[in-house]
Amino acid sequence: MPELPEVETVRRTLTKLVKGKKVEQVEVTWPKIIKKPDDTEAFGMLLHGQEIQHIGRRGKFLTFQLNDYVLVSHLRMEGKYEMGDGSAPDKHTHVRFFFSDGTELRYKDVRKFGTMHLFPKGEETSAQPLSQLGPEPFEDPTFTSDYLKETFQSTSRDVKTVLLDQRAVAGLGNIYVDEALFKAGIRPDTKAALLSNSKIAALHDKVVETIRNAVLKGGSSVRSYVNGNGEMGLFQLELHVYGRQGEGCTVCGSEIIKTVVAGRGTHYCSSCQPEIVALKGK
């Protein structure tokens, strides 16, 4: 699933490709992707004549800011946008946006898990799916170590589960949580409430650093992710633990372990990320 860095990269690419274009027609061949309104004809009618003024992002969601509406799009596991090239669309193309200048934007999704919600402008943040998102670790001043401390102290969950909870931190997923926890020297299954103030501060800094660096590298292409131009990200070349089970740690040489935390495949180094079983000094 694309995480914050991948979605931010898609946002930047789409801004160059479609900002300022006016929607002439919309074609939907898989109606279940359109969640609001629940009628695809109404979806197309509302978008007719709307100009793409800005493309934003909230967590893992893209937000297409139009004249009167905001289109909130989630790529889920395999969703991607690409410009039409004049060829016939393949079977994985489910939504087509035709513009007044003759160009076309296609939404493709192999698994068909992606979603689109269309809101009147100004209403998008007060309703799901955006209304319950927490602060995010990229250019968001509300994401602080004090915020993490307060969040961790109010839960009995392990630290990875908290970081994956989009209500607690928006935009993080499996790859970057594993990487940030490694850099902070924290085992993923550590109870969040056991972390000392210094560990929380270190984790905050490593989360922000990891996300910022991943954005600079265009995200991680560990599965099928490419940006709107069909280009792969490069951050996967800098991964320390994710997907490296059985290999030697880049710091100490110990074997990278893969386990399951929060229902997700989880990678860590038992030497660099020692177990914490009791409260540490603050």
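Which strands does helix 2 (residues 40-47) lie across? Helix 2 lies across strand 2, strand 5 and strand 9, and runs at about 55° to strand 9. Helices (H or I, at least four residues) and strands (E, at least two) are DSSP runs, numbered from the N terminus. Angles run from 0 to 180 degrees between N-to-C directions, and axes are lines fitted to C-alpha atoms, for helices over the stretch in contact.

The model is predicted: local features need pLDDT of at least 70 and side-chain atom pairs count only at pLDDT 80 or more, while totals for chains, interfaces and linings use all residues. Residues are numbered from 1 along each chain as its sequence is written, and side-chain values use heavy atoms, with hydrogens and water left out.

The strands just named belong to an open sheet of 5 strands in the order 2-9-5-4-3, with mixed pairing. Two strands pair if DSSP finds at least two bridges between them. Strand 2 (34-36) and strand 3 each have a single partner strand and stand at the edges, so one side of each is left without a neighbour in the sheet. On average, neighbouring strands of this sheet are turned by 25° against each other, direction ignored.

At one end of that order, strand 3 (residues 54-58) and strand 4 (residues 61-65) run antiparallel and are joined by 5 bridges. One of the pairs is His54 with its bridge partner Gln65 in strand 4. The two strands form a hairpin with 2 residues between them, and Gly59 in the turn has a positive phi of about 60°. Strand 4 is also joined by 5 bridges to strand 5 (residues 69-74), again in an antiparallel run. Here Phe64 has Leu71 of strand 5 as its bridge partner. Helix 1 (residues 4-18) lies across strand 3 and strand 4, at about 175° to strand 3.

A further open sheet has 4 strands in the order 1-7-8-6, and its pairing is antiparallel. Its edge strands, strand 1 (23-28) and strand 6 (80-83), each pair on one side only. From one strand to the next the twist averages 20°. Strand 6 and strand 8 run antiparallel and are joined by 4 bridges, with Lys108 of strand 8 as the bridge partner of Lys80. Helix 1 packs on this sheet, touching strand 6, strand 7 (93-99) and strand 8, and its direction makes about 25° with that of strand 6. Helix 2 lies across strand 1 and strand 7, running at about 165° to strand 1.

Arg111 sits in the loop between strand 8 (104-108) and strand 9 (115-120). Its relative accessibility is 43%, so Arg111 counts as partly exposed (buried means under 20% relative accessible area, exposed over 50%, partly exposed in between, with a 1.4 Å probe and protein chains only). Neighbours within four places in sequence aside, Arg111 is in contact with Met77 and Glu78, where contact means heavy atoms within 4.5 Å. Gly79 is 32 residues from Arg111 in sequence, and the two are 7.9 Å apart in space, C-alpha to C-alpha.

The last topic is a helix pair. Helix 3 (residues 145-153) and helix 6 (residues 197-216) pack at an angle of about 120°, with their axes 9 Å apart. The contact involves Ser145, Leu148, Lys149 and Phe152 of helix 3, and Asn197, Ile200, Ala201, Leu203 and His204 of helix 6.
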